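Biologist: I should like to go through this model with you and ask what stands behind each label.

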Amino acid sequence: MTAGMEQVARTAGEDEGRKLGTAETIVTYIVILVGAVGLMFPFAWMLSTSLKPLDEVYSYPIIWIPSQIIFENYIDVFKKVPFARYLWNSFVLSVLGIIGNMAGSSLAAFSFARLRYPGRTLFFIMMLSTMMVPVWVTMVPTFIMFSRLGWLDTYLPILLPAYFAVPFFTFLMRQFFLSVPVEIEDSARIDGCSSFGVFFRILMPLSIPALATVAIFSFFFYWNDLLGPLIYLRSQLKFPVAMGIASFQSEQYANFALMMAAATMALAPMLVVFFFTQRLFIQGVVITGVKG
Amino acid sequence: MIALPKTPRARREALEGYIFLLPWLLGFILFTAGPLLASFYLGFTTYRGDRSWPDWIGFANFTKLFQDDLFWQSLKVTVIYAVGFLPPGMALGFGIALLMNQRVKGVSIFRTIYYLPSVITGVAVAVLWGFVFHKEFGILNTVLELFGVTPISWLFDSRWIMVAFIIMGLWGVGDGMIIYLAGLQGIPTELYEAASIDGARRMRRFWNITIPMMSPTLFFVLVTALIKTFQIFTTAYIMTRGGPNYATYFFSVNIYNTTFMSLRFGYASALAWLLFVLIFLLTLLLFRSAKFWVFYAGEKEETA
C-alpha cells in the first residue's frame with residue numbers, strides 16, 4: 001500500500017511530491033521517536049530504580065542515573081520473600097496451562113474445522129458467544145463448585161479449564177486448520193487413515209506455528225493472571241509471581257527500590273518471550289482479530 | 001431440522017466429531033453454561049455460601065441494587081472510565097497504526113516498542129505505575145514540573161485518580177495497532193490510484209477511502225475494547241483497592257468485594273448478571289449502529 005502511495009505522489013507532480021516527502025518523513029520520525037521514548041520511559045525508570053541505593057530513590061530532585069549500580073535490591077527481594085518459589089510456581093502453572101490449552105483447543109478445533117456431524121454449526125455459534133461472557137458472571141458458582149470439591153488452595157481450579165478447550169484458543173486453532181488444504185488429508189483417508197490418524201499424524205505436525213501461538217498466549221495469560229490465584233490460593237508458598245508481588249506490595253509499599261527489583265524480575269520473562277516470538281504473536285492477533 | 005447421517009462412513013465421522021468435541025462440550029457445561037445458569041438463579045437468592053438451600057427472594061436483590069450507593073458509584077466510575085478512555089484510546093491507536101504504516105527506516109523496531117506496553121500487563125506493571133504516579137518521587141510529576149505544573153497527588157486525590165487510570169490505559173494503546181495494520185494493508189492500492197487520478201487530495205483520500213475501508217476493523221476493535229474496558233480489575237485492585245473514597249471502585253472491584261469480602265454470593269451474582277446484560281446491550285447497540293457507519297466492501301451501497 002505504501003508503495004502505491006509513493007507511486008501516486010510521483011504521478012501527482014515529481015518535485016512537489018518529493019520535497020513534501022522529506023519534510024513529512026522528518027516530522028513522522030520525530031513524532032514516532034517522542035512517542036517511543038515516552039512509552040519506554042516507565043520501563044527505564046523501573047530498571048534504574050531497581051539498581052539504585054534506597055537514599056537515591058528518595059532524593060529530590062530525582063537522580064536519573066544511579067551513582068553506582070547495586071544489585072542489593074534484587075538480593076533483598078529473595079531474602080524478604082520466597083521469590084524464587086514464586087517464579088517457580090509461575091513457571092509450573094504456565095507449563096501446565098500451555099499443555100492444557102494446546103491439547104484441549106486443538107482437539108475441539110479439529111472437530112469444528114474438519115468433521116461433519118449434526119449440530120456442528122450450532123455448537124460453534126455457542127462457543128463463539130461464550131467468548132463474550134465476563135468471568136464475573138461465572139465466578140461465584142465456579143468458586144462454590146471448586147470449594148465443595150475441596151480444591152481450594154490447589155492449582156486445579158486455575159488449570160483445569162485450560163484442558164477443556166478455551167473458546168479463544170479453539171477459535172484460533174480452527175482458523176488455522178481451515179487454512180490447511182483438505183487434499184493433504186484426503187490421500188491419507190483413502191489409505192484407510194482414521195480421523196485420529198489424520199489429526200495426530202498429519203494436522204498436528206503441520207500446526208506447530210499455530211500451537212506455538214497458543215503456547216505464547218497461554219504463557220502470558222498464566223504469568224499475568226491475578227484473579228485466579230487471588231480467588232483460589234491461600235498459602236504463600238503456592239503463590240505465582242503476580243500474586244506474590246501483590247502480597248509483597250502490601251508489606252513493602254514504601255520500599256520502591258525493592259518493589260521495582262521484584263517488578264523487573266516478574267516482567268523479564270515476558271519481555272524475553274515477546275522479543276523472541278513477536279512474529280507468532282502478531283500472527284495470532286491477526287488470525288483471531290481480522291478473520292473474526 | 002437436523003438431518004441424521006445416513007451412510008456408515010458419515011455416521012462414523014459424526015461419532016468421531018463428537019469425540020473430538022467432547023473436551024469443549026464438557027468444559028462448556030461445567031465451566032460456562034452450568035455456572036451461568038447457577039449464578040442467574042443465585043441472583044434471586046440471599047445465598048451466602050453455606051450448605052443450606054438458597055432462599056428465593058424474587059427481585060429483591062435487584063430492587064436493593066437501585067438504592068445501593070456503592071452500586072451506583074461503581075457503575076458511574078466504570079462508565080466515566082470507558083467514556084474517558086475509549087475515544088482517545090481508539091483515536092491514538094489508529095493514529096499510531098497510520099504512522100507505523102509509513103515506509104520509514106526502522107519501523108519494525110518502533111512497532112515492537114509501541115506494541116510492547118499492551119502485551120506486558122498485570123500486577124508488576126500496576127506496581128510500576130504506582131511508583132510513576134508517586135507525588136514526590138514519581139517521574140510523571142518530575143516531568144510535569146519541567147513545564148511548571150505543581151506536583152499532583154495522582155493516586156490519593158479523587159479528582160485526579162481517573163486521569164491517572166486513563167493515562168495508564170493509553171500507555172497500552174498499541175493493543176489495536178496490529179489489527180489496524182493488517183486492515184490497512186488489506187485496502188486495495190487501486191482505490192488510492194483511481195482517486196488521485198480523479199484529483200482527490202490526501203485528506204480527501206483519507207476520509208473517503210481509508211476511513212470507510214477501515215470501518216469494519218475500527219468496529220471490531222471498538223467492540224473488543226468496550227468489553228474489556230468494562231471489566232477492568234487488576235490495576236484498580238493493586239493500585240488503589242477501589243479508593244480514594246471509592247473513586248476507582250470499578251464494577252468488577254465491587255463484584256469481587258461483594259463476593260469475597262462480604263460473602264454475599266446472591267447479591268454478587270445479581271451484580272455480575274447486571275454487568276453482563278449491560279455489556280451485552282452496549283454491544284448490541286454498537287452492532288445496531290454499525291449500519292450507519294461501518295462500510296462493508298462486499299455489500300451493495302444502500303445507506304450511503
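Biologist: What makes Arg116(A) count as exposed?

Modeller: Its relative accessible area is 59%. Exposed means over 50%, buried under 20% and partly exposed in between, with a 1.4 Å probe and protein chains only, so Arg116(A) is exposed. Please note that this is a predicted model, in which local features need pLDDT of at least 70 and side-chain atom pairs count only at pLDDT 80 or more, while totals for chains, interfaces and linings use all residues. Residues are numbered from 1 along each chain as its sequence is written, chains are lettered from A in the order in which they are written, and side-chain values use heavy atoms, without hydrogens and water.

Biologist: Why is the pair of Glu13(B) and Arg116(A) called a salt bridge?

Modeller: The term requires a side-chain nitrogen of Lys or Arg within 4 Å of a carboxyl oxygen of Asp or Glu. Here the N to O distance is 3.3 Å, so the pair meets the definition. The pair crosses between chains, from helix α1 (residues 8–42) of chain B to the loop between α5 and α6 (120–130) of chain A. Helices are DSSP runs of H or I with at least four residues, and strands are runs of E with at least two, numbered from the N terminus. Glu13(B), at a relative accessible area of 15%, is buried.

Biologist: Which parts of chain A does the salt bridge between Asp153(A) and Lys238(A) tie together?

Modeller: Asp153(A) lies in the loop between α7 (135–148) and α8 (156–159), and Lys238(A) in the loop between α13 (227–232) and α14 (241–251), so the pair ties together parts that are 85 residues apart in sequence. The N to O distance is 3.6 Å. Asp153(A) is buried at 16% relative accessible area, whereas Lys238(A), at 32%, is partly exposed.

Biologist: How do you know that Arg174(A) has no salt bridge?

Modeller: The nearest side chain of opposite charge, Glu185(A), is 13 Å away; Lys and Arg count as positive and Asp and Glu as negative, with His and the chain ends not counted. Arg174(A) is nevertheless buried, and is found in helix α9 (residues 167–179).

Biologist: With which residue does Glu185(A) meet in a salt bridge?

Modeller: The partner is Arg114(A), at 2.1 Å, N to O. Arg114(A) lies in helix α5 (residues 83–114) and Glu185(A) in helix α10 (residues 183–190), so parts 71 residues apart in sequence are tied together. Both residues are buried.
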